[in-house]
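User: I would like to go through a structure that is new to me. Could we take it one topic at a time?

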Amino acid sequence: MDLLNTLADKGLRRELPTREEALAVLATPDDDLLDVVAAAGKVRRQWFGRRVKLNYLVNLKSGLCPEDCSYCSQRLGSKAEILKYTWLKPDEASKAAAAGVAGGAKRVCLVASGRGPTDRDVDRVSQTIEAIKEQNEGVEVCACLGLLSDGQAGRLRSAGADAYNHNLNTSEATYGEITTTHTYADRVETVHQAQAAGLSACSGLIAGMGESDSDLVDVVFALRELDPDSVPVNFLIPFEGTPLAKEWNLTPQRCLRILAMVRFVCPDVEVRLAGGREVHLRSMQPLALHLVNSIFLGDYLTSEGQAGQTDLDMIADAGFEVEGEGTTTLPRHRADAGAGCGSHSGGCAPCGDGPQAEAAPAEPVEASAARTDLVAVRRRGAGTDLAPNA
């Protein structure tokens, strides 16, 4: 296909596709799926080889969030029967993190529910970061604490945080439909604060909330402009007890097309396969490794993932290798601060759009059969007395 050859060539040059090209990827028929994966896989291998970075989540504080994000099991008014607990002590969080590191995780992601941290919360998380770094030399730590106030990003950086995660989630045009207690602009501002403090920015999206192809392209293009170092792609986990419990809009094939589109738009960025992969990709997860270069190991915040050893076996069986501690994840031009025309750690791609390709007509997406049996609430690890899945 001329479209896929064009997109692969652009990805190898770090050149931004047109919106029409990105939309055309999402509209490709299932018969062409392996061609799409092969083309995006060529770009993935150019910048990341066959390495897979492992990340491990530690939920520092679960549930009881005052925000009304409709996709979230921890939201205000959620009836999802998830674990609920207040802040883990630094030694408890460090012990949980150590399990992930022992399983091969290179980055530990510290997450806490809530609108944003108080200054006392930042002190608490700073102590946790220090405890984790003391026990696990060389591990990266990413914090995800919600909206930041002035100076908080710098304090986290001083405590040893390497990165900060705050997702855009969906397009600016539709953001108000999923959340009313804060704005899309609030999220963008928090990512800017993290970048200004010298933290590696991590910002991504959630697919499967009923959004259109145009919404998906809009948020991915917005992420490209924001220029984070890592882009997690989540697929909605429709928890019973949340407003989006009946949203089963994804098929494994659509998930792969979404991941391919993200790779074409963000060719040299760490694209992370995040929440919902087991629920929606199922047996086709190994194909996604040809598109992403990063995954979460084991469980998520409030749901269980597949066994950590199964993740490791999947990576090996698919012909990939776990990225080691001594390897820099990002290509040199992104890892070296100030490269290209980027103002932080990225170095953006050439700014020309290149020739436009005619978009294929959009086809209706057939909703996947609801697999509620695959939505397993986390009952182990952080906040429990049971061993974590790592």
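User: Which residue in β8 is the bridge partner of valine 233?
Analyst: The model is a predicted one. Within it, valine 233 has leucine 273 as its bridge partner in β8.

User: How do β7 and β8 pair, and over how many bridges?
Analyst: β7 and strand β8, which covers residues 270–273, pair in the parallel sense over four bridges. Between these two strands the chain passes through helix α10 (residues 252–265), and this β-α-β crossover is right-handed.

User: What stands opposite valine 233 in strand β6?
Analyst: Leucine 205 stands opposite valine 233. Strand β6 (residues 205–207) pairs with β7 in the parallel sense, over three bridges. The chain goes from β6 to β7 by way of helix α9 (residues 213–226), in a β-α-β crossover that is right-handed.

User: Is β7 mostly covered or mostly open?
Analyst: β7 is mostly covered, with six of its six residues buried.

User: Which residues lie on each side of β7?
Analyst: One side has Ser230, Pro232 and Asn234, while the other has Val231, Val233 and Phe235. These residues are all buried, and both faces of the strand are thus covered. As a general point, side chains in a regular strand alternate between the two faces of the sheet.

User: Turning to empty space, how many cavities of 30 Å³ or more are there?
Analyst: A search of the whole structure finds five such cavities. The largest cavity holds about 910 Å³ of space. β7 appears again here, since the elements that give two or more residues to the lining of the largest cavity are β2 (107–112), β3 (140–144) and β7 (230–235).

User: Which residues lie nearest the centre of the largest cavity?
Analyst: Those residues are Tyr71, Cys72, Gln74, Asn167 and Leu301, out of a lining of 43 residues. By class, the lining of the largest cavity has 23 nonpolar, 15 polar and five charged residues.

User: And what about the second largest cavity, how much space lies there?
Analyst: About 120 Å³ of space lies in the second largest cavity. Its lining has 14 residues, and Tyr56, Leu57, Tyr300, Arg378 and Ala382 lie nearest the centre. Strand β1 (residues 51–61) gives the largest share of this lining, four residues. The lining of the second largest cavity divides into eight nonpolar, three polar and three charged residues.

User: Which residues are closest to the centre of the largest pocket?
Analyst: The largest pocket holds about 340 Å³ of space. Of the 19 residues that line this pocket, Arg107, Glu140, Ser200, Asp229 and Leu330 are the closest to its centre.

User: How does the lining of the largest pocket divide by class?
Analyst: The lining of the largest pocket has nine charged, six polar and four nonpolar residues.

User: A change of topic: how many disulfides does the structure hold?
Analyst: The structure holds zero disulfides.

User: Why is there no bond between cysteine 109 and cysteine 142?
Analyst: The closest cysteine sulfur to that of cysteine 109 belongs to cysteine 142, and there is no bond because the distance of 4.9 Å is too far. A disulfide here requires the two sulfur atoms to be within 2.5 Å.

User: Are those two cysteines buried or exposed?
Analyst: Cysteine 109 counts as buried, at 5% relative accessibility. Cysteine 142 is buried too, with a relative accessible area of 1%.

User: What is notable about the phi of aspartate 227?
Analyst: Aspartate 227 has a positive phi, near 60°, and is a residue other than glycine. In general, most residues other than glycine have a negative phi. Aspartate 227 lies in the loop between α9 and β7, and counts as buried at 9% relative accessibility.

User: Where does arginine 14 lie?
Analyst: Arginine 14 lies in the loop between α1 (2–12) and α2 (19–26). Arginine 14 also has a positive phi, about 60°, although it is not a glycine.

User: Last one: is lysine 89 buried or exposed?
Analyst: Lysine 89 is exposed, with a relative accessible area of 53%. Lysine 89 lies in the loop between β1 and α4 (90–102). From arginine 50, lysine 89 is 39 residues apart in sequence and 37 Å apart in space, C-alpha to C-alpha.

Methods: Residues are numbered from 1 along each chain as its sequence is written. This is a predicted model: local features need pLDDT of at least 70, side-chain atom pairs count only at pLDDT 80 or more; totals for chains, interfaces and linings use all residues. Side-chain values use heavy atoms; hydrogens and water are left out. On a 1 Å grid over the protein atoms alone, a cavity is a set of points where a 1.4 Å probe fits but cannot get out, and a pocket is an open set with protein on both sides within 12 Å along at least five of seven lines; lining residues have an atom within 4 Å of a point. Grid points are joined across faces, edges and corners, and a volume is the space filled by probe spheres set on the points. Ala, Val, Leu, Ile, Met, Phe, Trp, Tyr, Cys and Pro count as nonpolar, Asp, Glu, Lys and Arg as charged, and the others, Gly among them, as polar. Buried means under 20% relative accessible area, exposed over 50%, partly exposed in between (1.4 Å probe, protein chains only). Two strands pair if DSSP finds at least two bridges between them. A crossover is right-handed if, with the strands pointing away from the viewer, the path from the first strand over the helix to the second runs clockwise.
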